[in-house]
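Let's take a friendly walk through a protein, looking at its empty spaces and at how two of its helices meet.

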Amino acid sequence: MRFDLKTIARWVEPGSKVLDLGCGNGVLLEYLIQQKDVKGTGIEIDEEKVTQGILKGVNVIQGDINEEILDYADQTFDYVILSQTLQQVTRPAWLISEMLRVGRKGIVSFPNYSHYKNRIYFFLKGRAPISKELPYEWFDTPNIRRISITDFRRFCGIFGFKIEREMNISTYHHEDHGKVVKFFPNLFAIYGIFMLTKK
């Protein structure tokens, strides 16, 4: 399992109820169900990934996370997870508010666009950075948001989301190992991971 998903999994208490938005093929939920006895549900728009999740024995619903989340009552879950999907969300403040309506805590992770390699790429080439974590050209990317760790902290302050935990990590795309970045994370971390609650 990817290092960022391992980090998220460590934050989830055993026996919890978990909703994973944009769950992909359900690998995180599969781990949480097997290792932490959680009751997990995933929402994923990609039909092939939904099928892969179901074959793993994970409860995955095919649909748009912005629509499907409305079907859940307040405080249905202990944790709602949005892993490496925030950069594709059209209404991030609304979606995180909904996450914190249906769950006690929200866990959000995203690629840190202000990583020093992206800055150097832009400075030297004068073009939107392309990397393993952000592998698209500007004109065909599903990523409509360019988020930095500093931006996200500021965003939470503006919209009243309380940051309960924060971990910034350096790990490359789909690798199962990495390290925590404590020194200038906005510059050196590849991903930011935040646990949020309502203020």
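Before we look inside, here is a sorting rule: Ala, Val, Leu, Ile, Met, Phe, Trp, Tyr, Cys and Pro count as nonpolar, Asp, Glu, Lys and Arg as charged, and the others, Gly among them, as polar. Keep in mind that this is a predicted model.

Start with the enclosed space. There is one cavity of 30 Å³ or more, and its volume is about 30 Å³. Around this cavity you will find Q87, P111, Y113, L134, R145, R146 and I147. Sorted by our rule, this lining has four nonpolar, one polar and two charged residues.

Now turn to the open spaces. The largest pocket has a volume of about 960 Å³. Its lining holds 35 residues, and G22, K49, S83, Q84 and T85 lie nearest the centre. Helix α2, strand β2 (39-44) and helix α4 (65-68) each supply at least two residues of that lining. The lining comprises 13 nonpolar, 14 polar and eight charged residues.

The second largest pocket offers about 180 Å³ of space. Among its 13 lining residues, H115, K117, N118, S131 and E133 are closest to the centre. Helix α6 (residues 116-125) gives the most to this lining, with three residues.

Finally, how do two helices meet? Helix α1 (residues 3-11) packs against helix α2 (residues 27-36) at an angle of about 40°, with the axes 10 Å apart. The two helices are therefore oblique to each other, and the crossing is right-handed. On the α1 side, L5, I8, A9 and R10 meet V27, L28, Y31, L32 and K36 of α2. This contact is made up of seven nonpolar, no polar and two charged residues.

Definitions and conventions
Residues numbered from 1 in each chain as written. Predicted model: local features only at pLDDT ≥ 70, side-chain atom pairs only at ≥ 80, totals over all residues. Heavy atoms only, no water. 1 Å grid on protein atoms, 1.4 Å probe; cavity = no way out; pocket = protein on both sides within 12 Å on 5 of 7 lines; lining within 4 Å. Points joined across faces, edges and corners; volume = space filled by probe spheres on them. Axes fitted to C-alpha atoms, helices over the stretch in contact; angles between N-to-C directions. Helix = DSSP H or I, 4+ residues; strand = E, 2+ residues; numbered from the N terminus. Parallel < 35°, antiparallel > 145°, perpendicular 65-115°, else oblique. Left-handed = near helix turned anticlockwise from the far one by under 90°. Contact = heavy atoms within 4.5 Å.
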